[in-house]
Amino acid sequence: MNKNVIALGILLAFGGTAFSQSKPTFADWYNGGKAGMRTDKAYKKLKKKTSSTVIVAVIDSGIDIEHEDLQGKIWTNAKEIPGNGIDDDKNGYIDDVHGWNFLGNSKGENVDGANLEKTRIFRELSRKYADIDLASLPQTAKAEYELYEEVKAAVEQEVKLYTQYIQYMEMAPKMLAMVPGQVEEKLGKKDYTLKDIKKWKPESQQDIQLKGSAIALITGQVSDEIIAKQ
C-alpha cells in the first residue's frame with residue numbers, strides 16, 4: 001500500500017472522525033460528530049425545558065468559568081474567602097473558590113505541556129535507577145525498580161510511535177498536494193465535484209483512504225493552514 005496514503009490516513013484519524021462528515025468542520029469537531037460531545041444538539045433538545053440543579057465535576061484540562069453560557073452556574077465554595085491568600089476551609093488548597101486546577105499554579109496559569117502520570121514516574125525514578133548497578137540493588141527497592149522498568153518500556157514505546165506520527169504530520173502538506181491528481185486519475189476527470197467523489201465506490205483500502213482525504217480537502221475540513229496549527 002502507498003505509504004503516503006497510509007500516512008495521510010493516520011493524519012485524518014488524528015484530526016478526528018469529523019473528517020468523514022460534512023458537518024461539523026474540523027475547527028468545531030468537539031461540538032458534534034462521532035468524536036465530539038454533540039453540544040449543539042443538546043442545546044436544541046434542552047431549549048425551553050426545565051431541570052433540577054445538578055453539580056458537575058470537571059475532571060479534565062479545565063473550564064472557562066467566564067463563558068457567557070456559564071454565568072451564575074459555576075459552583076462556589078462557600079467556605080472559602082476569595083483572594084485572601086488563606087486556606088479558609090483548611091482543606092489544603094488556598095482560595096479554591098471554584099475548585100482546583102492541579103496542573104496550574106497560584107496565578108491561574110495552566111500547564112500547556114503536561115505529562116502523563118507514567119512519564120512523571122519514569123522521570124522521577126530515572127534519577128535513582130537509570131545508571132544503577134543491579135548487583136547493589138537492595139531487596140527493599142526491588143518493587144520500585146520493577147515499576148521503573150515497566151514505565152520505562154511504556155514511555156519508550158510511545159516515544160517511538162509518536163515520533164513516527166510527527167514525521168507523518170510533517171509530510172502531510174506534500175501528501176495533500178498529491179491527492180487531487182490521484183483522484184483525477186481514479187475518476188477519469190479533472191473538474192470533479194464532491195458529488196463525484198461520494199459516488200465513487202473504491203474497493204481497496206488505499207483507495208478508501210484516498211476518498212476520505214479527497215472529501216476532507218474538497219469540503220475544507222482539512223487544509224495546509226489547518227495542518228500547520230496541529
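Buried means under 20% relative accessible area, exposed means over 50%, and partly exposed lies in between (1.4 Å probe, protein chains only). This is a predicted model, in which local features need pLDDT of at least 70, side-chain atom pairs count only at pLDDT 80 or more, and totals for chains, interfaces and linings use all residues. Residues are numbered from 1 along each chain as its sequence is written, and side-chain values use heavy atoms, with hydrogens and water left out.

**Exercise 1. The overall build**

Task: State how many helices and strands the protein chain has, and how much of the chain is buried.

Solution.
- Step 1. Helices (H or I, at least four residues) and strands (E, at least two) are DSSP runs, numbered from the N terminus.
- Step 2. The protein chain has seven helices and zero strands. Along the sequence the pattern reads α-α-α-α-α-α-α.
- Step 3. Of the 230 residues in the protein chain, 22% are buried.
- Step 4. Contact means heavy atoms within 4.5 Å. Among contacts with a separation of 6 or more, 42% come from residues 24 or more positions apart.
- Step 5. Accessible areas come from the Shrake-Rupley method with a 1.4 Å probe; for residues, only the protein chains shown count as cover. The protein chain exposes about 17,200 Å², and carbon and sulfur atoms supply 54% of that area.

**Exercise 2. A salt bridge inside one helix**

Task: Describe the salt bridge of Glu-124 and Arg-127, and say how exposed each residue is.

Solution.
- Step 1. A salt bridge is a side-chain nitrogen of Lys or Arg within 4 Å of a carboxyl oxygen of Asp or Glu. The whole structure holds six salt bridges.
- Step 2. In this one, the N to O distance between Glu-124 and Arg-127 is 2.6 Å.
- Step 3. Both residues sit in helix 3 (residues 117-129), three residues apart, about one turn of the helix. An α-helix has 3.6 residues a turn, so residues three or four places apart point the same way.
- Step 4. Glu-124 is partly exposed, because its relative accessibility is 46%. Arg-127 is exposed, because its value is 60%.

**Exercise 3. A salt bridge between two helices**

Task: Find which parts of the chain are tied together by Lys-186 and Asp-207.

Solution.
- Step 1. Lys-186 and Asp-207 form a salt bridge, with the closest N and O atoms 3.3 Å apart.
- Step 2. Lys-186 lies in helix 4 (residues 142-187) and Asp-207 in helix 6 (residues 205-218), so the pair ties together parts that are 21 residues apart in sequence.
- Step 3. Lys-186 is partly exposed, with a relative accessible area of 43%. Asp-207 counts as buried, at 12% relative accessibility.
- Step 4. Asp-207 has company: buried residues in helix 6 also include Leu-210, Ala-214 and Ile-215.
- Step 5. Now check the helix length. The expected span is 1.5 Å times one less than the number of residues. The 14 residues of helix 6 should span 20 Å, and the end C-alpha atoms are 20 Å apart, which agrees.
- Step 6. After helix 6 comes Gly-220, whose phi is positive, near 80°.

**Exercise 4. Two aromatic pairs**

Task: Classify the ring pairs Tyr-93 with Trp-100 and Phe-122 with Tyr-148.

Solution.
- Step 1. Rings of Phe, Tyr and Trp (its six-membered ring) pair if their centres lie within 6.5 Å; planes under 30 degrees apart count as stacked, over 60 as edge-to-face and the rest as tilted.
- Step 2. The structure holds five aromatic pairs. For Tyr-93 and Trp-100, the centres are 4.9 Å apart and the planes meet at 40°, so the pair is tilted.
- Step 3. Tyr-93 is partly exposed at 30% relative accessibility. Trp-100 is partly exposed at 39%.
- Step 4. For Phe-122 and Tyr-148, the centres are 6.0 Å apart and the planes are at 20°, so the pair is stacked.
- Step 5. This pair links distant parts of the chain: Phe-122 is in helix 3 and Tyr-148 in helix 4, 26 residues apart.
- Step 6. Phe-122 and Tyr-148 are buried. They belong to one aromatic cluster with Tyr-129 and Tyr-145.
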